[in-house]
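Trainee: I would like a close look at a single part of this model. Please take me through one sheet and the helices that go with the account.

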Amino acid sequence: MWTITGASTEYTIGDDLTLHSWGPHGVSDGPSPYAFSGKVQYMLPGDVAAVEYAPDGERPFLGADLAVAGEVLTLSLGEVAVDDGLRADLHDERTGLSLTLRWRFAPGTDVVERWAVVRNGGKAPIALTRLGSAGFSVPTPSGATLHYLWGQWAQEFTPASVRLTRGRFEIGSAQGVTGHQFSPYLAVENGDAAYGIQLAWTGSWQIVADADVAGLTRIRAGRQLTDSPVTLSPGESVTTPIAAGVYSADGLDGLARQWHAYERHLAGDRLGRTRKVLYNSWEATAFDVTAEGQLALADVAASLGVETFVVDDGWFVGRPDDHSGLGDWTPDPAKFPAGFGAFVDAVRAKGLDFGLWVEPEMVNPKSALYAAHPDWVYETAGRPRTTIRNQYLLNLGCEDVYEFVRDTLDGLLTTYEITYLKWDFNRPRTEADRAVDDLDGAHVRNLYRILDHLRDAHPQVTVEACAAGGARVDLAIAARADVVWPSDNTAPLDRLRIQDGFLSAHAPHLMSSWVTDSEGMFDERQRSLDFRFVLASAGVLGIGADITRWSPAERASATAWVERYKAVRDVIHHGVVHRIGDPSQRRCAVQYTMDSRIVVLAWNSGRLDGLGRVPARDIRLPLRGLDPAGRYRHGSVVYSGSHLMAVGLPVRWTPAHDAELIELYSM
């Protein structure tokens, strides 16, 4: 057997590449819960075994990880070595295909990363029709409860669950992008522990859970080859995306903390950079961008304590609305008569960093770029092209397009003092020439090349990943962007639900959130400006309202909230997170703990009527991870850790007081 170890868990596989154990340190010292006895009837042993990776010849009936057109793969095991984790080499004699499997724990975390490298060592091309990253096995003798995140535009990251006693459950995207409909995230509870799976891929993907009759649920994660097979010529290879898995004895909230730690690891040195309070002009001006109007907003933003001013869509030539201009990334001289450089300097003179919105993978039919390069967009030969939001998608997999996008962004970031880039993506792929090999992989790999290039060439620039809201949120983006935009929906109670789901899978240092005046789309109940500020403070605070219309009292309140947020954002971005209740309960809060400091953000997500008019008791927020014998101070009140964990921190809501940011200190 081979065992690799993480911060507090271990992962052990046997010499037949089946899972022996996965859990806390020492769990491998005993019989495997994955072993089975008895005969395998009308199937192959691989169909019921906890195989780590299975070609279709080994697991033909209950779901293989790897398949080749016109062949049945049966791989023989070669060398197994310890090499930055674990490496196993396998080979198929008939086709010449070789497979290298990799396992490793990300340093300092309990997340095991798994991926595969497939190489064609034969003499003829090989077409891969299934290309999984890994199979994760969970013992589920009484069935599994699967938790996932579904959604649509403006309703992303909605938690849901299903009980899977036997059979199959599948989520994924065939859109060439992570997608609004599902997140590449699955959690499995078996009554004893929770196991989490995520996939680091920004194209088409799938996660499939198969629960068999012998009490095993096997989860396959990998790319979805919807457009065409991946064809390898002799000597060529392909590397799968990383599939990440984590074990927790502390349920779904424990899994969330593990994912947060992992995404902080992915951020590397950039985790230490301050994520500044920003203002974005979109909801104030939409496409009506002028130097005069933007500077008026910048004046107010600076007075509120905002640190970065971001000009959204509408700054470039030919862009009065969403029908034209995409691809022509030249500032509009009519909107900036003194020059765009002078405008940027004027914003910076107010003490603000400058940011800019771009959508570099897109083009409008009414644009100079499309007129010059109509062949750069995705199309299916002989079929009409489809517009979504009046735009086409550029084929980023083409080297000419890749170079255009890279050089365009380089030009903007070199010419102007830009330190924040909001990269948007507002439509999925609808046409693809299936005669062209691996369009999805080529697009995604070049996307990563550009994002990696921006980090190297422009390290001062903070990159925000946006895709019509939250359609591009996954571990691969978390490793390359500094923040992500979870949803275009900023209405208070709608956003509370979105952010609760987001934090179950992703870390708060990634979660960009704005204070706006938007009304509810799915929950129209009103909430105060304080509620909106506390809500946006749960991640990376931004403001997107038309602040020139705010009253003096609203501006004063906003200034105070920005100051309060700045004092605690290090705890929010780096602290251990405990979610308390959820938006469907009377108690709804998030606790952030870092060293001796505790920050609690709490919201009244229920009804407001009747408050203060009839007898009522305070809502209690049971805190977590404290020293029972410790003493904790909030203002002039001192609590024991035991009281705060067993009874809870009291909050009292009134019609005028519907949210709060609470700081506690260990004495």
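Mentor: What follows describes the open sheet, then two helices that come late in the chain. The model is predicted. The open sheet consists of 8 strands, and their order is 27-26-25-22-21-20-29-28. The pairing in the sheet is parallel. Strand 27 (483-484) and strand 28 (512-515) are at the edges; each has a single partner strand, so one side of each has no neighbour in the sheet.

Look next at one pair inside that order. Strand 25, residues 420-423, pairs with strand 26, residues 462-465, in the parallel sense, and the pairing runs over 4 bridges. In this pair, Trp423 stands opposite Ala465 of strand 26.

At the other end of the order, helix 10 (residues 529-536) lies across strand 28 and strand 29 (540-543). The angle between helix 10 and strand 28 is about 165°.

Helix 11 comes later, at residues 552-574. It has 23 residues, and its first and last C-alpha atoms are 34 Å apart, close to the 33 Å expected at 1.5 Å a residue. Helix 11 also has a kink of about 55°, centred on Val568. Val568 is one of the buried residues of helix 11, and others among them are Ala558, Trp561, Val562, Tyr565 and Ile572. An α-helix has 3.6 residues a turn, so residues three or four places apart point the same way. With that in mind, find Ala558, Trp561, Val562 and Tyr565 in the view: each is buried.

Notes
Residues are numbered from 1 along each chain as its sequence is written. This is a predicted model: local features need pLDDT of at least 70, side-chain atom pairs count only at pLDDT 80 or more; totals for chains, interfaces and linings use all residues. Side-chain values use heavy atoms; hydrogens and water are left out. Two strands pair if DSSP finds at least two bridges between them. Helices (H or I, at least four residues) and strands (E, at least two) are DSSP runs, numbered from the N terminus. Contact means heavy atoms within 4.5 Å. Axes are lines fitted to C-alpha atoms, for helices over the stretch in contact, and angles run from 0 to 180 degrees between N-to-C directions. The expected span of a helix is 1.5 Å times one less than its number of residues. The bend at a residue is the angle between axes fitted to the seven residues ending there and the seven starting there. Buried means under 20% relative accessible area, exposed over 50%, partly exposed in between (1.4 Å probe, protein chains only).
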